[in-house]
Amino acid sequence: MRPAAVFTGLAGMAVVAGLLISADARLRGGTGGEHMITAEAPATDTAAQTAPEAAGPSAPISDADAEIIARGAQPAAPAPTPAERMAATPADPPPPSETPGGQAAEPAAKKPIELARPVAENAGVLSFGERRLQLAGIVPTPADRICGPAGRQWPCGMMAKTALRQLLRNRNLTCDLDMAEWTGTVTAACRLGAQDLGTWLAENGWAEVEAGSPLGAVADKAKQAQKGIYGGDPRRK
């Protein structure tokens with residue numbers, strides 16, 4: 001065989017071998033690129049899915065929570081100045097009126113007022129139309145009160161009422177009151193001329209007296225003497 005032919009054959013084989021190596025390298029490079037792309041693709045998809053979830057829409061908030069948050073965001077109010085604190089403090093109530101001597105003024109004294117045509121509802125309560133007046137210092141004797149032991153009972157309440165009516169006989173009285181006109185029931189001391197009606201009832205035993213009343217001694221004497229409600233039926237005497 002000629003040397004030129006041998007050299008040409010070897011050169012051709014070398015070119016074919018180079019082409020084969022180049023083709024194999026390209027095939028290997030293409031496969032590696034596909035593996036890299038395939039491996040990275042899931043990571044990219046996972047990140048794309050995670051990001052929207054992390055940055056999803058905020059949870060709803062109630063009006064009360066929003067108000068609390070808004071208050072917390074406001075700056076603290078400055079402390080009031082001494083002048084503002086004094087202005088916010090309520091003024092002290094005015095002191096009671098005093099007399100020139102420095103003593104507290106007493107309430108106005110009641111004045112004697114003449115009342116016409118009283119009617120005795122019982123031994124202790126007088127009526128003037130729809131108004132009522134209870135005599136001071138005594139406990140009125142109900143008109144339906146019954147006194148005396150069993151078998152000898154008598155209507156002492158009605159007798160006490162009749163005795164007071166006979167004393168009054170529709171004559172005018174003078175009573176210590178704040179005003180001539182009032183509503184409901186008031187308590188006052190009344191006199192028929194110079195005779196105090198409460199004292200007259202206590203002296204004659206037609207009414208008991210209140211605890212601590214200055215008429216207590218007078219009532220005790222009537223009780224010892226068995227007068228009025230403390231005694232027997234006057235109709236038997």
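**Notebook: two sheets, helix α4 and a core**

I began with one pair of residues: V119 stands opposite S127 in β3. The model I am reading is a predicted one.

Next I looked up the strands around that pair. β2 and β3 run antiparallel and are joined by three bridges. I then followed the sheet outwards and found four strands, in the order β2-β3-β4-β7. This sheet is open, and its pairing is mixed. I noted β2 and β7 (185–188) as its edge strands, each pairing on one side only. On average, neighbouring strands here are turned by 35 degrees against each other, direction ignored.

**Second sheet**

I found another open sheet of four strands, ordered β1-β6-β8-β9, with antiparallel pairing. β1 (111–115) and β9 (195–196) each have a single partner strand, so one side of each is left without a neighbour in the sheet. I checked the β8 to β9 pair and counted two bridges. One residue I looked up there was L192, whose bridge partner in β9 is Q195. I wrote down the general rule as well: strands of a sheet pair through backbone hydrogen bonds, either parallel or antiparallel.

**Helix α4**

I checked the length of α4 (residues 156–168). With 13 residues at 1.5 Å a residue, the helix should span 18 Å, and its end C-alpha atoms are 19 Å apart, which agrees.

Which residues of α4 are buried? I listed C156, G157, A160, K161, A163, L164, L167 and L168. Looking down the axis of α4, I saw these buried residues fall within an arc of 160 degrees, so they line one face of the helix. The general reason is that an α-helix has 3.6 residues a turn, so residues three or four places apart point the same way.

I then asked what covers the buried residues of α4. The cover includes β2 (119–122), β3 (125–128), β6 (173–177), β8 (190–192) and α5 (197–203). α4 lies across β2 and β3, and runs at about 170 degrees to β2. After α4 comes R169, and I noted that its phi is positive, near 50 degrees.

**Core**

The largest nonpolar core has 32 residues, and L126, L133, L197 and L201 touch the most other members. Elements that give two or more residues to this core are β1, β3, β4 (131–135), α4, β6, β8 and α5. α4 gives the most, with six residues.

I finished with L126. Leaving out residues up to four places away in sequence, I found that L126 touches several residues, among them V119, L133, L164, L168, L173 and L197.

Notes:
Residues numbered from 1 in each chain as written. Predicted model: local features only at pLDDT ≥ 70, side-chain atom pairs only at ≥ 80, totals over all residues. Heavy atoms only, no water. Expected span 1.5 Å × (residues − 1). Buried < 20%, exposed > 50% of the residue type's maximum accessible area, 1.4 Å probe, protein only. Arc of directions from axis to C-beta. Contact = heavy atoms within 4.5 Å. Pairing = 2+ DSSP bridges. Core = buried A, V, L, I, M, F, W, Y, C linked by side-chain atoms within 4.5 Å. Axes fitted to C-alpha atoms, helices over the stretch in contact; angles between N-to-C directions.
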